[in-house]
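Trainee: I have a structure open and would like to practise reading it. Can we go through it by question and answer?

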Amino acid sequence: MSKPIYVLNGPNLNLLGMREPDIYGHTTLADLKGMCTARADARGLEIFFVQSNREYEIIDWIHEAIDGADGIIINPAAFTHTSLAILDALKNVNCPIIEVHISNPHTREDFRHFSYVTYAATGTIAGLGVNGYLTAIDAIADMLADA
Ligand code: DQA
């Protein structure tokens, strides 16, 4: 039986739509959840879409995903650049992990160039705006279909 794809969003992404719209766009987190749900439906997948400003909550969802998910899409937001704990949690996961960034951190400040999460990610999508999440859903759907 297939399991859901966990779509995990880190700190400040609850402010999408009003947060630095020149960088992150005008789509709200609720809009993004709707877009992801529609794309997942079209690809025959179920998603569990959540956001937290708390590192431990994201780690707890990753632990749940060890047995409970067929894939993880994670935008760790600022935790990307700081959280060894999220990397250590992701290292216990055997399903595909796609790291997503709405902006392209490599074209921004130096402190955004390093990602802990990349060490555990199957692939990274950055700079495609919120459409990067849809690309990530397609990538996981294709990987699961090929498995
Ligand atoms: C982000 C990029 C991070 O550097 C930043 O801290 C975020 C969002 C992105 O989606 O572009 O909060 O992950």
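Mentor: We will take the ligand first and a salt bridge afterwards, keeping in mind that this is a predicted model.

Trainee: Which pocket does the ligand sit in?

Mentor: A ligand counts as sitting in a pocket if more than half of its atoms lie within 2 Å of the pocket's grid points. Here the ligand sits in the largest pocket.

Trainee: How do the residues of the shell around the ligand divide?

Mentor: The ligand is surrounded by residues including Tyr-24, Ala-77, Ala-78, His-81 and Ile-102. Arg-19 and Arg-112 also belong to these surroundings. The shell divides into 4 nonpolar, 4 polar and 2 charged.

Trainee: What percentage of the ligand's exposed area does the protein bury?

Mentor: Start with the polar side-chain atoms. One of Arg-19 lies 2.9 Å from an oxygen atom of the ligand, and one of Arg-112 lies 3.0 Å from an oxygen atom of the ligand. For Asn-75 the distance to a ligand oxygen is 2.8 Å. Taken alone the ligand exposes 320 Å², and the share of that buried by the protein is 99%.

Trainee: How many residues apart in sequence are the parts that Asp-138 and Arg-43 tie together?

Mentor: The structure holds 6 salt bridges. One of them joins Asp-138 and Arg-43, with the closest N and O atoms 3.1 Å apart. Asp-138 lies in helix H5, and Arg-43 in the loop between helix H2 and strand E2, so the pair ties together parts whose separation in sequence is 95 residues.

Note on methods:
Residues are numbered from 1 along each chain as its sequence is written. This is a predicted model: local features need pLDDT of at least 70, side-chain atom pairs count only at pLDDT 80 or more; totals for chains, interfaces and linings use all residues. Side-chain values use heavy atoms; hydrogens and water are left out. A residue is near a molecule or strand if one of its heavy atoms lies within 4 Å of it. A polar contact is a pair of N or O atoms within 3.5 Å; within protein, one must be able to donate a hydrogen and the other to accept it, and residues adjacent in sequence count only if both atoms are side-chain atoms. Accessible areas come from the Shrake-Rupley method with a 1.4 Å probe; for residues, only the protein chains shown count as cover. On a 1 Å grid over the protein atoms alone, a cavity is a set of points where a 1.4 Å probe fits but cannot get out, and a pocket is an open set with protein on both sides within 12 Å along at least five of seven lines; lining residues have an atom within 4 Å of a point. Ala, Val, Leu, Ile, Met, Phe, Trp, Tyr, Cys and Pro count as nonpolar, Asp, Glu, Lys and Arg as charged, and the others, Gly among them, as polar. A salt bridge is a side-chain nitrogen of Lys or Arg within 4 Å of a carboxyl oxygen of Asp or Glu. Helices (H or I, at least four residues) and strands (E, at least two) are DSSP runs, numbered from the N terminus.
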